[in-house]
Amino acid sequence: MNDFHFHTPDTLEEAAALLAQYDGNAKLIAGGTALTTLLKQSLVQPEHLVSLHRVKGHDAIEHSGGALHIGALATQRSVERSETVKQHAPLLAEAYRRVATVRVRNVATVGGGIAHADPAMDPPPSLLILGASVKLLSSKGERTVALADLYTDYYETTMEPDEIVTELEVPDQPAGSSWTYIKYLPRTADDYATVSVAAIGVLDGGKVADVRVGLGALGPTAIRATALEDAVRGTTPTHDSLHEASQSVLEIVDPIDDPRGSAGYKRDMSAVFARRAMEQVLGVATG
Ligand SMILES: Cc1cc2nc3c(=O)[nH]c(=O)nc-3n(C[C@H](O)[C@H](O)[C@H](O)COP(=O)(O)OP(=O)(O)OC[C@H]3O[C@@H](n4cnc5c(N)ncnc54)[C@H](O)[C@@H]3O)c2cc1C
């Protein structure tokens, strides 16, 4: 680990000013659960660390205007446990519940998790299909980016080095929707996913009125399975029709070999878990 200067601003505006001042040579640290590992392995070597631990506020979880507004300094555990989140977007509460362990979730923040941009993280597939967006602050001002436009590659985002995630905005889950988050992990319960699928479904008169499917750990970023959604929307779903439609995800996944599974295995499992997720949210018995 390299030596660094440690800064403890009292406000996000002061933090943004420090990031601008050190122009690419500073990293934010919030919970520190991901960054500490990167520092220890010298995968990042900033000259300055800008800590958010003295910043007050920005951790509220509120609901207004048909959306959840979650402060970037809220812990992931607080999202998992929030009755407001459970009421308006139960899929999201479940996605955060599946992150690592209680010890990690008690410290890890929502903003740190968004910025870390590991494609095997649990929240992004759900955030993607819920249409979430993030608010960013820098010394130049504020902007809002849709989660669908945030992630570009492994650990890469469209955020500038001097931008701070201040809030996550998540529209309500559709009324009357069924939902599921399948996290397949054959090693330990606190591991990252080998394959994950988040799905939402709404039936109307036996036909699919709305279906959304997000995939995790299956490429450089979380992926929305839009071709699959288009093939299923408006149909009367059966095991066979969902099996056939789910094959389309094989065209959009691009997993890598890693200790959690081979690329070929993950690719095969992507269609299996996409089908199972749709069967669950569309009330179709598994064949
Ligand atoms: C043992 C272990 C197991 C894990 N397992 C899982 C898992 O199963 N599923 C899963 O989803 N995740 C998992 N994680 C990852 C975990 O979710 C992240 O470590 C956590 O979300 C990072 O949050 P943090 O507040 O600790 O961020 P930090 O470690 O403080 O920062 C992470 C990155 O975000 C940047 N950053 C922090 N806050 C902000 C902000 N407000 N704005 C802009 N940039 C910011 C930092 O500069 C850094 O680049 C695991 C982590 C550990 C240590």
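Modeller: Before we start, one term: a helix here is a DSSP run of H or I with at least four residues, and helices are numbered from the N terminus. Keep in mind, too, that this is a predicted model.

Colleague: Thanks! How do I read a helix, then?

Modeller: The general idea is that an α-helix has 3.6 residues a turn, so residues three or four places apart point the same way. Next, look at burial, where 20 or more other C-beta atoms within 10 Å make a residue buried.

Colleague: How many residues of helix α8 are buried?

Modeller: Eight of the eight residues, 123-130, are buried, so α8 is largely enclosed by the rest of the structure. Among them are P123, P124 and P125, and also L127, L128 and L130.

Colleague: What follows α8?

Modeller: G131 comes after the helix, and its phi is positive, near 75°.

Colleague: Which domains does the chain have?

Modeller: The domain assignment gives domain 1 (5-51), domain 2 (61-171) and domain 3 (182-281). Between domain 2 and domain 3, the centres taken over C-alpha atoms are separated by 21 Å. Their contact takes 17 residues from domain 2 and 19 residues from domain 3.

Colleague: Which element gives the largest share of the side of domain 2 that touches domain 3?

Modeller: Our helix again: α8 gives the largest share, five residues. Alongside α8, α5 (90-97) and β8 (151-153) each supply at least two residues of that side. By class, this side of domain 2 has eleven nonpolar, three polar and three charged residues.

Colleague: How should I read a sheet? What is the strand order in the open sheet of three strands?

Modeller: Start with the order, then ask which strands stand at the edges. Here the order is β1-β3-β2, with parallel pairing. β1 (5-7) and β2 (26-29) are at the edges with a single partner strand each, so one side of each has no neighbour in the sheet. On average, neighbouring strands of this sheet are turned by 25° against each other, direction ignored. β2 and β3 (residues 48-51) pair in the parallel sense over four bridges, and K27 stands opposite L49 in β3.

Colleague: One last residue: is V284 buried or exposed?

Modeller: Count its neighbours: V284 has 20 C-beta neighbours inside 10 Å, so it counts as buried. V284 is found in the segment after α11 (263-281). Leaving out residues up to four places away in sequence, V284 touches P237, T238, H239, L242 and E279. V284 and T236 are 48 residues apart in sequence, yet 9.9 Å apart in space, C-alpha to C-alpha.

Conventions. Residues numbered from 1 in each chain as written. Predicted model: local features only at pLDDT ≥ 70, side-chain atom pairs only at ≥ 80, totals over all residues. Buried ≥ 20, exposed ≤ 12 C-beta atoms within 10 Å, placed from the backbone. Domains from an automatic or database assignment. Contact = placed C-beta atoms within 7 Å. Nonpolar A, V, L, I, M, F, W, Y, C, P; charged D, E, K, R; others polar. Pairing = 2+ DSSP bridges. Axes fitted to C-alpha atoms, helices over the stretch in contact; angles between N-to-C directions.
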